[in-house]
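Let's walk through this structure together, starting with the whole chain and then zooming in on one pair of strands. Keep the 3D view open as you read.

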Amino acid sequence: MKFQSTRDSGVSIDASQAILQGLSPDGGLYIADSFPTFAPDEIKAFGDMGYAQAAAAVIGRYVNDYSASELSGFASKAYSASRWLSAGIAPLTHLDGGISVLELFHGPTCAFKDFALQMLPMLLMSAAKKAGAGEKIAILTATSGDTGKAAIEGFADVGGAAICVFYPEHGTSDIQKLQMTTSGGGNVMVYGVRGNFDDAQSGVKRIFGSSEFARELGCRNIRLSSANSINWGRLAPQTAYYFTAYASLVKAGRIKPGDEMNVCVPSGNFGDILAGYIAKLSGLPVGALVCAANKNNVLADFLGTGVYDSKRPFHATMSPSMDILVSSNVERLLFLLSGRDGARTRSLMEDLALSGKFDIAGSMHENLKKTGFDAGYCGEDDCLAEIKSTFENEKYLMDPHTAVAMRVYREYVRRTGDSRKAIVLSTASPFKFASSVLSAIGPAPSGDGFAMLKELSSRSGLAVPPGLKALEGADERFKEVVDPRDMQSAVARWLAR
Ligand SMILES: *Cc1c(COP(=O)(O)O)cnc(C)c1O
């Protein structure tokens, strides 16, 4: 297995290089040139392993130049019981109607990003060692709220690395913002950006695109890399929980080996659901792959029509990690739908850059219809109603991102009558969005963020995750806010310290 660029299928590099570089110099994203196939027995066996062991086995099939013992060491650190609140790491909770919730929020920062970002620093630092250049790795990351803290948690005080996070000044929940601005770590920097997530993300992409800046840093033996889901080192770890979830359903007797399970994923940058699609292409029996969007429903429209149109109003919603109009991992899907045609993918991405739009009419759209992708979106009122009804009827409390997916999945079932068992991915702890969740299940909340955490705990009977409790009274270390056009000079200033 080697790695191609989505804009040049002739590129052929090792996984470690792809992870080290993050983005290909031609602007494309790296992707494995072929996907492994998992035999049914292999998948079933994941049900009898601990999460770390299963994850190492899965991830090892999506990278070519890391040894099994290396990956098993990384995974046992990344997914150790001491860092996660649930011994199962990625447990399932079964609800009515054949729906199981795959809870991915029991990690150190209470969002699913921990699955990839507990693992990525080790993959990356090992890649730097393999490359042997002795460079310092500077990670730049744009965040819509959850990636930032998860990346900081993964990279803080990692020798040879430094991490800088950009978040939209008013685009995250209060708790998310505090998680970042109170971070420790001598190698950490956090900036607010005057703009939305797309502004922050395109600012980071511009910095990566500047060969002059890369040369300047190169002279000081610094290499820029990315912790965003454009990095293959983010995607590979995310494939693992689709396999373990399937194996758990088999083990619980809810499906028989070989039965298809449906999957519904609350989506923003399209990384999480793409990992599910890749698992499906590797032989995991996945039926429908339902992409759930919030009011920023560009992905649902695209999957329905084949036209991707980012020229639309941007809405700040209560599921901010999905407030994204330019969804970076769609590029990997385009590459696959085009039969790995780098020129075709490049031309579609150029259309997007020039006009904010592209259209895959023709064979790519026909191919899309055969993938199993389905999609829907959920507005703000429906999201609140879903949190409330699921809490009242099934005693299950969801965060707004999860609620979007739950609503979309229930609607999918109503529309299609599809009765296959399903997993709905739960991507964040309800405590991270306590204010929205409280207003969904009862009278509008009052008081500060910490009063809300306590209120939510007493109303739900769930404990406040210790990582969030610890924010109370923590010192806000990072207060600087920059304009999108000043992001590069902010990075230069930080690296010059
Ligand atoms: C990042 C995030 C998402 C969206 O995941 P993508 O991989 O960007 O599609 C959904 N929910 C939460 C809570 C997130 O943090």
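**From the whole chain to one strand pair**

The protein chain holds 22 helices and 16 strands. Its radius of gyration comes out at 21 Å, close to the 23 Å that the globule rule gives for 497 residues, so the chain is as compact as a globular protein of that length. Bear in mind that this is a predicted model. If you'd like a feel for the dimensions, the C-alpha trace spans about 60 × 50 × 45 Å along its principal axes.

How much of the chain is tucked away? Buried residues account for 60% of the 497, where buried means under 20% relative accessible area. The contacts tell you how the sequence comes together: take those between residues at least 6 apart in sequence, and 75% of them join residues at least 24 apart.

Now for the outside. The protein chain exposes about 17,800 Å², with carbon and sulfur atoms supplying 50% of that area. As for charge, there are 50 positive and 52 negative side chains, and the centres of the two sets lie 2 Å apart.

Time to zoom in on strand β9, which runs over residues 222-226. Is β9 mostly covered or mostly open? It's mostly covered, as four of its five residues are buried. Strand β9 pairs with strand β6 (residues 136-142) in the parallel sense, over five bridges. To find the pairing on screen, look for I139, which stands opposite S225 in β9. While you're there, remember that side chains in a regular strand alternate between the two faces of the sheet.

Terms used: Residues are numbered from 1 along each chain as its sequence is written. This is a predicted model: local features need pLDDT of at least 70, side-chain atom pairs count only at pLDDT 80 or more; totals for chains, interfaces and linings use all residues. Side-chain values use heavy atoms; hydrogens and water are left out. Helices (H or I, at least four residues) and strands (E, at least two) are DSSP runs, numbered from the N terminus. The radius of gyration is taken over C-alpha atoms; the globule rule is 2.2 Å times the number of residues to the power 0.38. Buried means under 20% relative accessible area, exposed over 50%, partly exposed in between (1.4 Å probe, protein chains only). Contact means heavy atoms within 4.5 Å. Accessible areas come from the Shrake-Rupley method with a 1.4 Å probe; for residues, only the protein chains shown count as cover. Lys and Arg count as positive and Asp and Glu as negative; His and the chain ends are not counted. The place of a charge is taken as NZ of Lys, CZ of Arg, CG of Asp or CD of Glu. Two strands pair if DSSP finds at least two bridges between them.
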